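Open the structure in your viewer and keep the selection tool at hand. We will go from stop to stop, and at each one I will say what to select and what is there.

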Amino acid sequence: MTVKDEKTFKSVAEPVEVSKKDLKPHNVEQWEINLIGNFLLTFFHRKLIGPHNKWTCLQSLVQKEYQEFLTADLSNRLISLNGTDDIGVMMKRCGFLKKIDCVKLPAVYTVRSTLLLEFRIRKLKEHDKRRINPAQNSLSTSAGPEDILRNLIEGEDNPILEENYKIDENSPQLGLQYQGTLVQRRLSNYRPTNLSCYICQLNFSTMDSYEEHIQTHNVENDFEFLKQLTVNESPIFTVSYRLCENSHVFCFIIETNMENLIIEKIIIVQTRSMFNVDNMRGSYAMPANGRDEFYLDSHMFTMYVEQPIIIICHPNDNKDERFIEEHHFMRALEFPKVNFAIKPNRLPMNRTFKTKFKLPDYFPPMEICNISKDDFSHSKLMEISHKFKDYINEGKSLQPQSAGHIFTTLLQIEDVDTTKKYLGLLHRNVWLRNFGDDFSMKLNPKQSMNVESILSVMDEVLIVTKDDIKTGESSLTEIMMQSSEDLSNQGIYVAQIIDISSGRVSFKYCRNGRSPLSLKRPYTILFRPSRLQLRYQYCALQLLPEVMKYLKKFLFPDTILPQLPPNNFSLDLYNKSIASNPEQTQAVINIATGPRNDATYVIFGPPGTGKTTTVVESILQVLKRNETKILVTAPSNSACDELALRLCKTLSTIDLSRAIVRIYAATSESRMDTVDELLLEHSNMYKGHFYPDVQVLHEYRIVVCTLSVVSKLVTGKFGRTENGKAVFTHMFIDEVAAATEVESLSALCTILSPESSLIISGDHKQLGPIIKSKRAEDLNLNVSLMERLLGLECYRVEPHNGNYDQSIQTRLRKNFRSHPAIVKLYSDMYYGGELEAKAKIGNVSLAKRWHSAPNKNFPIIFHSTNGKMYSDKQSFSLYNSDEVNIVMNYVKDFMYFGIDGKPILESDIGIISPYKKQYQRIREELNMRKWYQIETGSVETFQGKEKEIIITSFVRSGTSSLGFLQSDRRLNVTLSRAKSLLILVGNAATLSVDFNFEYIIKKCKHHGTLVGDGKISTNRTLEAITKTIKNLKLNDQNLTVPTLKRRSRGSRGLRTKKKAESIACHITDWINSSKSESPEPSLHQQAIEARKQLPKAVQSVQTEKRVPTTTPQKILKKAASVIKNGNKTSKINLDTICNEIVMGNIDLKPSKEIVSNVAKRRRRCRAKISSAKSDMNKENNKPI
């Protein structure tokens, strides 16, 4: 036995009772380190060891769990090599054991944290490699004990499990488009790496250069690589695909007539990466029958984006020559569709929707178009309309008699301003590409224009064959303000956009008897906005004066007398939890027994307060009443889906014929894959989209659809019987604060009657409507119906006691969604601290059990990073690669290690980013790992949703402006989506220029959850700090050190004074070095220690007040008195400022003059201290 082994034996012999003679000398192998490392990680991930307990754990607990963890075969293997399978010996030999403490019973193990964490990082990387490429099956840190045993004893590789997919025999075999072939010589010196293009045989040194090269292969650079290919009459391969049954998988089929081919790689080119198909097989011979197939998840492909599939092969007898062939694929639908087993009472497809009148174009009048040249100035608007003049003079206050006119004018301003934005998108000499019936074109926008913020799906493409089109604003506007029929008569094709991405626009052209578009000639292209929704709104406003006589009580309720709720009214609740919430109960009773018919009933529901629960229960209670019919609507599909799904689940247990139907717009067909099966069965999309006949819809008790769908159905006389009587007794509008009042009116004007009841719900402090015209927004077009009503006297809340008229509104305050700390954060920021956290703490405490949580009681983490921000070439959409990596690190931690030893579901995680390019890049990273159920998107897509874990990437870094990140409503939605854990990723120094972000970051810093590069910069504090430095007066009166009669007191006094001056020097040193990334560690520690010991000394040196001094103690005493009693003469809180400087929270960049002056004063300080020391030494004849 070696000396090392003897020491090992002595360190573990007593507690584990291992016989000395049984131990064998043995150098541990990698699989043993993997085995023990994996075992110890189970303790770390369950927080049984970690920094919180100094990496110690009871020996008895470790041994007990080790015996359960170890298999019999592995135990025998360890004993044969080591003479024992004891955990103490194995931990020591593998390097994980720091020491065993047996002095105090019970005995404990102390783990080497650095080695275990290094092992964990390696394991995470190997997990990730295997997730991306399942073919990698080497013995790794991610292998479990059984895997290790199988590799060791059987000596066989673990088989890669493949799902057996069955091709849908009813699906057609659709071909990909052949693009060309390249014959290429193999480079002998090329060795592929992680940053290499196997197609071009090129290696890259940086990720940026690699991603830039990939763009030459994809749609972003218009497939530049195709210029190197030759289009042959007969390609080597034909590639096609079919759908698989009841799955999200495509089966791709490749066929060839060429014999003896070796397939090297099949590559799918994505936005910034390349995906290798069937990596597990490596190079392989093409089957003898010339046919092969591979399966890919449909999520690998972006909707409406043309993506290359490249096949690289070589003849079996000539490895030096390669064939590269490119075929293109475009995913145009959510394929494949799943067949549902549920067979409820469906909408009949044989009776479809028919319009009763033709919708006019409602182009804005020329007088409005002409005023746009003056930016719709108030004076010009007031000249053309006395009603608008009154509106402006009365402080933009709406009146019943003029509301229709005002809204029409505002809508026309929005219409004209929106159209003007499209004028700069004129494209000449455009060559089109086609893919089946779809066409696409490359955008070449002006650098000053953000194309993606202008164009949207459903906008129109005007394809002009003339070359002499005039480009003046008036000429282009004249073309845009013409109907499709008139344009067609002038030889202009009109198409509709179906997708905008990667710098290309895809559109669909319906010939309608016209000649097809030729790909052999260039065109001039114009874009114009889709005005369909505006036309619906114009139509409703035209009707408004006629119906205002009975809509006035809903839109302009007068002062009304409060009513008490009915006495002794009992509810048989479907959702029993409502009974414990007085606000929810009050709302349900008021609505079920009425509601009052002389005003709109308002439910104000901040995030997580059970607004949707209250609305659903109210609808179900109203349904109990005979002869009631209910229209439920909202601005968004997500809000309608949530309401409809909850209603369907409850109504499925009730025997009620034709109880509910959910009506979707035609554009929703592309997202069928994401809609719940039960909801589809109660909708108009159970077997492809169709609009049902209006009279069929009138037979249902509850109809759920968006406001825009209501507007369309109204053109078929939806909501009215043949004799004009109203069909619906109750109308619910959810998330009403997210719609303009005009959008709400487009449904209200034809649905409500004098006998109807209107209930609206929402939160005007979350995301509101989107207005493209700044002038229209300034004139209050963006104000929702809810926001305007809550400003009326009858809906007023008493400021001193919070009372309000409970007969016409309910204000929900109890939050049942989130952890109390999360609730308190956005409640204090946006709701005056009124929200009460009522969620069961056990259900929202993931952070308490998460091994990486900085503070188990504060589940809000701000991860600060100084990442570089980039702008997309085709638009102003931003992305930040460093933040993408940080977000993915958190996701990988959750998905690979879970929380408390339990897995995290993909559906539990949501990732938000305000910028499209950022969440698209994150989506690509997730798709590479097949995490398709982790939802990513903008803030808008997450409104109304909730997730256990929310991770947000703010992107902006190093900019002076935060853009729309400074929107209170947007940030409110972002903070309020998380139930258990909120992780915010961004540049703290950049974001903290905004008050709200600074508040969040400081909260995290206070609770110890500010991680990463947590440097904060505050512009508001900067001014105060600069002023303080200017007023820094270290004059002789402040620094006088009198002759001390008593040596002991003098020594103490001088040392105290010296510390005070030293602190001042540290502060100025800190200011002078503020441009560096961080202060020196020693300086940092000194400053913190100084703050703890002598905060008042710092104040005495920093303050501009001249304090009479006789001894250093009196200086400190007087300074402390000034601080304690409040320095009333100073406008600056010097104590707070000083604290911020010393703690390093201020990223201060003073002027050169200030730095110079401070340096001079610091030198004078040191000179005074040196002189005082010299005098004291002479007096005491002894150095201090």
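Start by selecting residues 532-555, which form helix α16. If a helix of 24 residues were straight, at 1.5 Å a residue, it would span 34 Å. Now take the distance between the end C-alpha atoms of α16: they span only 25 Å. Where is the kink in α16 centred? Colour Met548, since the kink of about 80 degrees is centred there. Keep in mind throughout that this is a predicted model.

For contrast, go to residues 916-928, helix α29. Its 13 residues should span 18 Å at 1.5 Å a residue, and the end C-alpha atoms are 18 Å apart, so the two values agree. Turn on the surface here as well: α29 is mostly covered, with 10 of its 13 residues buried. Among the buried ones are Tyr919, Ile922, Leu926 and Met928, and charged-looking names on your sequence panel such as Lys917, Arg921, Glu924 and Glu925 are buried too. After the helix comes Lys930, with a positive phi near 65 degrees.

**A view of the whole**

Zoom out for a moment and show everything as a cartoon. The protein has 1184 residues, and 54% of them count as buried. Its secondary structure comes to 41 helices and 39 strands. Among contacts with a separation of 6 or more, 75% are between residues 24 or more positions apart.

**A sheet of three strands**

Next, select 56-58 and 97-101, which are strands β1 and β2, and add 108-111 for strand β3. Together they make an open sheet with antiparallel pairing, in the order β1-β3-β2. β1 and β2 are the edge strands, each pairing on one side only. From one strand to the next, the twist averages 25 degrees. Now add residues 59-69: this is helix α3, which packs on the sheet and touches β1, β2 and β3. The direction of α3 makes about 75 degrees with that of β1. To see how β2 and β3 are joined, look for their four bridges; Leu97 has Val111 in β3 as its bridge partner.

**An annotated stretch**

Move on to residues 195-222, which UniProt lists in an unreviewed entry as "domain: C2H2-type". Over this stretch the chain is 29% helix and 14% strand, and its end C-alpha atoms are 22 Å apart. Within it, pick Ser209, which sits in helix α8 (residues 207-214). Is Ser209 buried or partly exposed? Ser209 has a relative accessible area of 24%, and it counts as partly exposed because buried would mean under 20%. Draw a distance from its C-alpha atom to that of Leu195: the two are 14 residues apart along the chain and separated by 9.0 Å.

**Strand β9 and its partners**

Select residues 249-256, strand β9, where seven of the eight residues are buried. Then add β8, residues 237-243, which runs antiparallel to β9 and is joined to it by seven bridges. One pair to label is Ser240 with its bridge partner in β9, Ile253. The hairpin of β8 and β9 has five residues between the strands, and in it Asn246 takes a positive phi near 45 degrees. β9 also pairs with β13 (residues 291-297), in the antiparallel sense and over seven bridges. Here Cys251 has Tyr295 in β13 as its bridge partner.

**Strand β14, covered on both faces**

For the last stop, select residues 306-315, strand β14: 10 of its 10 residues are buried. In a regular strand, side chains alternate between the two faces of the sheet. Show the side chains of β14 and look at each face in turn. On one side you will find Glu306, Pro308, Ile310, Ile312 and His314, and on the other Gln307, Ile309, Ile311, Cys313 and Pro315, all of them buried.

Which strands pair with β14? One is β10 (residues 261-269), antiparallel to β14 over seven bridges, with Ile266 standing opposite Ile311. Another is β15 (residues 321-330), which pairs with β14 in the antiparallel sense over eight bridges. In that pairing Gln307 stands opposite Phe329. To finish, trace the hairpin of five residues that joins β14 to β15.

Notes:
Residues are numbered from 1 along each chain as its sequence is written. This is a predicted model: local features need pLDDT of at least 70, side-chain atom pairs count only at pLDDT 80 or more; totals for chains, interfaces and linings use all residues. Side-chain values use heavy atoms; hydrogens and water are left out. UniProt positions are given in the numbering used here, feature names are shortened, and annotations may be inferred rather than shown by experiment. Helices (H or I, at least four residues) and strands (E, at least two) are DSSP runs, numbered from the N terminus. Two strands pair if DSSP finds at least two bridges between them. Axes are lines fitted to C-alpha atoms, for helices over the stretch in contact, and angles run from 0 to 180 degrees between N-to-C directions. Contact means heavy atoms within 4.5 Å. The expected span of a helix is 1.5 Å times one less than its number of residues. The bend at a residue is the angle between axes fitted to the seven residues ending there and the seven starting there. Buried means under 20% relative accessible area, exposed over 50%, partly exposed in between (1.4 Å probe, protein chains only).
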